[in-house]
Amino acid sequence: PFYFVGANLNVMHGPRARALADATIAAAAKDGLKVGRVWALGEGRADASAWQRAHTLFRAGPTGWQEAAFAQLDRVLVSARRHGVRLIITLSNRWGDYGGVPMYLRWAGQRDRQAYGFADRFYSLPGPRKRFLAHLRRVVSRVNRLTGVAYRDDPTIFAWELQNELHGTPEAGAARRAWVVAMARELRRLDANHLIVPGTLGYFLRHQRRPWLRMCQLPEVAYCDQHIYPEEHAQARSPAALRRFVDDRVQLAHYVAKKPIVFGEFGFADGRGAFRANRRAHRHGALLRRLFADGGNGALVWIYQPTLHWRRRYGVLVDRRRYAGLRRVLARAARRVARTTPRLQNRRLGPDKGDRLLAPTHVLERGWRGVHRRWGEARRRASGAPPRHLVPRPAPAPRPSLAGCQRLEVPVDRYARSH
């Protein structure tokens, strides 16, 4: 088995990120990171600007292929090979960043983005499927213009990922699995050498757990995938909850699906000041220690990149000293994995545990009155009731008379000390 610590790499979109791609990859290699993940995607309108065509898009409109993006991917593969980094190449995006599924559906005339299950149409409508297949074939069948090596024969490529954070409504689970099977089989016809994964978001709620497992169990899927940003999910916010979160995913992958597991994205939010930087580095290390103590196979931090004109919440800026502590933590974890094969050290896991739930999928939040108030208003709207501020309030009840009540005196200093 192959175990690794890796990084997502911001090397494909934007003029500065593209220009400094080699430095970004070199920084990951210097830290001992063996695998990188890059996005070979970018869909735009047929009338996209010249700047978008030059710096972000792989296609402007369904047939407006942009050679600049493919040439950048050629350069990234050459750089990665020179620095000893293998790449996971992602072919589409479930979200709207750089076009993604919403743009595929826009090309198909689907514009009611607020409809329930809108994005799930991507997996069943013939138009989006045909256009994604065109992109898949164009990328996988490409021959690198710099080296003359066909992508399908390039050992620099670790895996093809069909989509970034593939997920959707429960009702469309079968359609998503059928789409993954069809796309993976076509990709395998073109490339017999590399791993293929769907690129799932993972699961966070109980009803998502079984569909994730069924996706992992598909014969076409090489390994299970999970993304996690613990501060965004109450189920994994505390250290103990995060350990249980990791345990449950590794148990299902290794002992039920019988597949490796890779955390394709993970990260903790950046913050100002030395204390927050140190705490952030410690949290990254804690997640990696738990993953490899469970026998997990790999994890890719989000995201190595140069300093850009905008600030990213989860960035690891390779040209800033303040990220040196975090990079040292990642480098130590990478060296440890390279030196010693991770072995299961967690007694909570094992073949005899089956698919029993090891981590809670729901939590009880206390004191979030704003959330509860908004939820109550949403329920009122769904029921047809008028908003609360339009409902006449009843007249206040008269206050009871205090006549005849004994006066109560509380010493202020004692009250303050006791509370």
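**Helix packing and buried loop residues**

The buried residues of helix α5 are covered by, among other parts, β3 (43-44), β4 (59-60) and α6 (126-140). This is a predicted model, and everything below should be read with that in mind. Helix α5 spans residues 100-107, and seven of its eight residues are buried, so the rest of the structure largely encloses it. The buried set consists of Gly100, Val101, Pro102, Met103, Tyr104, Leu105 and Trp107. Just past the helix comes Gly109, with a positive phi near 85°.

One of the elements covering α5, helix α6, can be looked at more closely. The axes of α5 and α6 come within 9 Å and cross at roughly 120°. That angle falls outside the 65 to 115 degree range and is not over 145, so α5 counts as oblique to α6. The crossing itself is right-handed. On the α5 side, the contact is built from Tyr104, Leu105 and Trp107, while α6 brings in Pro128, Arg131, Phe132 and His135. Sorted by class, this contact of α5 with α6 has five nonpolar residues, one polar and one charged. Tyr104, Leu105 and Trp107 also figure among the buried residues of α5.

A second helix pair is formed by α7 (residues 173-190) and α8 (residues 206-216), whose axes come within 11 Å and cross at roughly 20°. With an angle under 35 degrees, α7 and α8 are therefore roughly parallel to each other. Here, too, the crossing is right-handed. Arg176, Arg177 and Val180 of α7 meet Pro211, Arg214 and Met215 of α8. The class make-up of this contact is three nonpolar and three charged residues, with no polar ones.

Beyond the helix pairs, several loop residues turn out to be buried. Asp191 sits in the loop between α7 and β7 (195-197), and at 0% relative accessibility it counts as buried. The side chain of Asp191 makes a polar contact of 2.6 Å with the side chain of His194. A polar atom of the Asp191 side chain also lies 2.8 Å from the backbone nitrogen of Asn193. Once neighbours within four places in sequence are set aside, Asp191 is in contact with Val140, Arg152 and Trp160. As for Arg137, its C-alpha is 10.0 Å from that of Asp191, with the two positions 54 residues apart in sequence numbering.

Leu33 belongs to the loop between α2 (21-30) and β2 (35-39). Its relative accessibility is 1%, so Leu33 is classed as buried. Its contacts, leaving aside neighbours within four places in sequence, are Val5, Gly6, Ala7, Ala28, Val85, Tyr304, Leu330 and Ala334. Leu33 and Ala338 are 305 residues apart in sequence, yet their C-alpha atoms are 9.7 Å apart in space.

Last comes Asn346, placed in the loop between α11 (324-339) and α12 (369-383). With a relative accessible area of 10%, Asn346 is under the 20% cut-off and is therefore buried. Its side chain makes a polar contact of 3.0 Å with the side chain of Asp247. Not counting residues up to four places away in sequence, Asn346 touches Asp247, Arg290, Ala293 and Asp294.

Technical notes. Residues are numbered from 1 along each chain as its sequence is written. This is a predicted model: local features need pLDDT of at least 70, side-chain atom pairs count only at pLDDT 80 or more; totals for chains, interfaces and linings use all residues. Side-chain values use heavy atoms; hydrogens and water are left out. Buried means under 20% relative accessible area, exposed over 50%, partly exposed in between (1.4 Å probe, protein chains only). Helices (H or I, at least four residues) and strands (E, at least two) are DSSP runs, numbered from the N terminus. Contact means heavy atoms within 4.5 Å. Axes are lines fitted to C-alpha atoms, for helices over the stretch in contact, and angles run from 0 to 180 degrees between N-to-C directions. A crossing is left-handed if the near helix is turned anticlockwise from the far one by less than a right angle, and right-handed if clockwise. Ala, Val, Leu, Ile, Met, Phe, Trp, Tyr, Cys and Pro count as nonpolar, Asp, Glu, Lys and Arg as charged, and the others, Gly among them, as polar. A polar contact is a pair of N or O atoms within 3.5 Å; within protein, one must be able to donate a hydrogen and the other to accept it, and residues adjacent in sequence count only if both atoms are side-chain atoms.
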